[in-house]
Amino acid sequence: MNRKKFIQSSMLAVGGFYFLNSTFFKAAQPKSIKQKEIEAPIIIIGSGYGGAVSALRLCEAGKKVLILEMGLNWEKSGIPFSNLLKPGKSAAWLRKKTIAPFMNLFNLTPFTGALDRLEFENINIWMGRGVGGGSLVNGGMAVTPKETYFKEVFPNLDATKFYDFYFPLARKELKVNVIDEQFLNDCPYYKFTRVGEEEAHKAGFKTMRVPNVYDFKYMEKEYKNEVPRSALNTEVIYGNNYGKNSLDKTYLKKALDTGNLEILDLHYVDNIKLNSDKTYTLNAQNINTSGDVVAEKVFHCKKLILAAGTMGTLKLLLRSNAMNDFPIGQKVGKNWGNNGNFMTGRNFVNPLHGGTGAQQSTIPVGGVDNWDDKEHPFFTEIAPLPMGMDVATALYLLINRVDKKGQVSYDKINKKIVLDWDKTNTEKMKENTDYFIKKMNKANGGTRAHLLFDNGFGANICYHPLGGCVLGEATNEYGKLKDHDNLYVLDGSLIPGTIGVNPFVTIVAISEYCIENLIKQNEFA
Ligand code: FAE
């Protein structure tokens, strides 16, 4: 085949061939499926944080980059995101029911929505799908880790360089800002934060203001009804139509503006092959918004960056290894963690004074910082619960240390990834949660929210999967995968399972550090 032409199309036999390759999508009209061969110098799989950072820096260096993203380009599609009270197209990735952490009472018509959930025996993992990856659905909390913990997690990195340069750079590019204290004190939509902080203080905990990428000036205008509402209209985990500086508005926009980036959305990469000339062949499926395969595509590239998110990258590596003898070292799949995520809640919170508020902003701005407590180290977000009525319930997402790491592997027979993770991995997290809830209730009244999760303990809720392809272990010091000359991993899988706070600022900082050095070393020359 001629690989010189940038784009070539050819009709190939389908039928049996297609079904062998397919993982979970179905063919729209099998007879009409075309197989296309496409060549690009640099391909990035995934358009989340790691992918967006790599794309921008490579494009700025004058390189032509192609991003393959399985989710939809929401901005281009013109399809609005739905809110929590009226879930629609964006609410779930090809599901018949919503997949929020609880209260999934809504039926859906399957659509390539922005929120996806991977289900394992002892843990469910949520992630974003679409151009912008997790930035489309996350709470925007932009937290820089504590320097002492960063040093513990990454003993080989120059922490001073990170705190002086890469973290500030990440915050600037992501447009991180902080809510105005007066607005926070006055706005009824932040009663849940005010109550949460007062109660935490009463219980003897320290609180902290949490920065965010949501534009708080925009939110102030929302409140005054000067602009369309988003955070104040229960929009968040199914996407925000306004206000949030997701990656499509920051890194990806800048990269596209260089003219060097092309993004193909609704392109799912199923597996990768390493060719004898050290280039890569990618087998991909172009789907429509119902999940039907409309074209089988084969991409060829000299340089490949895996930025499919922790679970996506691990699946690609492990599946390609099982299918194509794709070389991966012993360390791939090891050192995985849930970033200590543990969800919990309290009922009968502030019942005599209007509970936590009937109207709540979806953007968290407060947290309890108990990290320095030797016995019970944790950080917890004071999370909103915007149900459209006051339920006098406080919701918390704790972030703990991960004392016992998990492992990801591939089950060849059932063709799926397997996660070695059970109750023993979350024991200490549960103990911390119990301690926190008891202390809060003792000082303020209230009960553990027994009807939520498993009797109030959400050990199985994970928003922050990290690790499995750890920097300096499975890769070299800048993310180049061991045993490869032309493949790099740049996403959450580089972080060894824990970072002590919400992770995207760290993912961006690490990606900036890696891509800068890879470019300096002429890896993409
Ligand atoms: P990610 O952003 O997940 O991007 C990976 C991309 O690759 C996605 O767009 C996928 O669709 C795409 N992809 C995967 N597999 C394939 C394939 N085979 N072919 C083509 N494309 C593929 O990766 N973090 C914070 O710091 N603050 C928060 O407030 C926060 N809130 C969160 C709330 C929710 C509900 C969730 C789910 C996550 C939250 N996170 C938060 C976590 C954060 O979004 C996550 O750590 C990052 O998005 C991970 O970034 P990556 O670059 O690793």
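According to UniProt, in an unreviewed entry, residues 121–331 carry the feature "domain: Glucose-methanol-choline oxidoreductase N-terminal". In the structure above, which is a predicted model, this span is 34% helix and 20% strand, and its end C-alpha atoms lie 23 Å apart. The record, again as an unreviewed entry, also places the feature "domain: Glucose-methanol-choline oxidoreductase C-terminal" at residues 462–510. Over residues 462–510 the chain is 14% helix and 14% strand, with 21 Å between the end C-alpha atoms.

A convenient place to enter the structure is valine 213, which sits in the loop that runs between β7 (207–209) and α8. Valine 213 has a relative accessible area of 3%, and therefore counts as buried, since the cut-off for that class is under 20%. If residues up to four places away in sequence are set aside, the residues that valine 213 touches include Gly140 and Ala142, then Leu174, Lys175, Val176 and Asn177, and also Gly243, Lys244 and Asn245. Phe504 is also among the residues touched by valine 213, and the position of Phe504 can be read against the UniProt feature at residues 462–510. As a gauge of distance along the chain and through space, valine 213 and isoleucine 237 are separated by 24 residues in sequence and by 14 Å from C-alpha to C-alpha.

From this loop the chain leads into helix α8, which covers residues 216–223 and in which Phe216, Tyr218, Met219, Glu220 and Glu222 are buried. The packing partner of these buried residues is α6 (181–186). At the start of α8, aspartate 215 places a side-chain oxygen within 3.0 Å of the backbone nitrogen of lysine 217. Beyond the other end of the helix comes asparagine 225, which has a positive phi, near 60°.

Met219 of α8 leads on to serine 361, because Met219 is buried in that helix and is also listed among the contacts of serine 361. Serine 361 belongs to the loop between β13 (341–347) and β14 (366–369), and the relative accessible area of this residue is 0%, so serine 361 is buried. What does the side chain of serine 361 reach at 3.1 Å? The partner is the backbone nitrogen of isoleucine 363, while a polar contact of 2.9 Å joins the side chain of serine 361 to that of tyrosine 190. Apart from neighbours within four places in sequence, the contacts of serine 361 include Tyr189, Tyr190 and Phe192, together with Ala231, Leu232 and Pro384.

The charged side chains give another view of the model. Side chains of opposite charge can pair when their charged atoms come close. The structure holds 26 salt bridges, one of which joins arginine 57 and glutamate 60 at 2.9 Å, N to O. Both residues lie in helix α2 (residues 49–60), and because they are three residues apart there, about one helical turn separates them. Arginine 57 is buried, at 15% relative accessible area, whereas glutamate 60, at 46%, is partly exposed.

A second pair is formed by arginine 117 and glutamate 119, whose closest N and O atoms are 2.8 Å apart. Here arginine 117 is buried, with a relative accessible area of 17%, and glutamate 119 is partly exposed, with 44%.

A further salt bridge connects lysine 254 with glutamate 173, with 2.8 Å between the closest N and O atoms. This pair links distant parts of the chain, as lysine 254 is in helix α9 (residues 251–257) and glutamate 173 is in helix α5 (residues 159–173), 81 residues apart. Lysine 254 is partly exposed at 37% relative accessibility, while glutamate 173 is buried at 8%. Lysine 254 and glutamate 173 also belong to a network of salt bridges that links them with Arg57, Glu60 and Glu512.

The surface offers a contrasting kind of feature, a nonpolar patch formed by Met103, Leu105 and Phe106, which together have about 310 Å² of accessible area. Phenylalanine 106 is located in the loop between α3 (74–77) and β5 (115–119), and with a relative accessibility of 30% this residue counts as partly exposed.

Note on methods. Residues are numbered from 1 along each chain as its sequence is written. This is a predicted model: local features need pLDDT of at least 70, side-chain atom pairs count only at pLDDT 80 or more; totals for chains, interfaces and linings use all residues. Side-chain values use heavy atoms; hydrogens and water are left out. Helices (H or I, at least four residues) and strands (E, at least two) are DSSP runs, numbered from the N terminus. Buried means under 20% relative accessible area, exposed over 50%, partly exposed in between (1.4 Å probe, protein chains only). A polar contact is a pair of N or O atoms within 3.5 Å; within protein, one must be able to donate a hydrogen and the other to accept it, and residues adjacent in sequence count only if both atoms are side-chain atoms. Contact means heavy atoms within 4.5 Å. UniProt positions are given in the numbering used here, feature names are shortened, and annotations may be inferred rather than shown by experiment. Patches are made of residues with over 30% relative accessible area and no salt bridge: like charges are joined within 9 Å, nonpolar side chains (Val, Leu, Ile, Met, Phe, Trp, Tyr) within 5 Å. Accessible areas come from the Shrake-Rupley method with a 1.4 Å probe; for residues, only the protein chains shown count as cover. A salt bridge is a side-chain nitrogen of Lys or Arg within 4 Å of a carboxyl oxygen of Asp or Glu.
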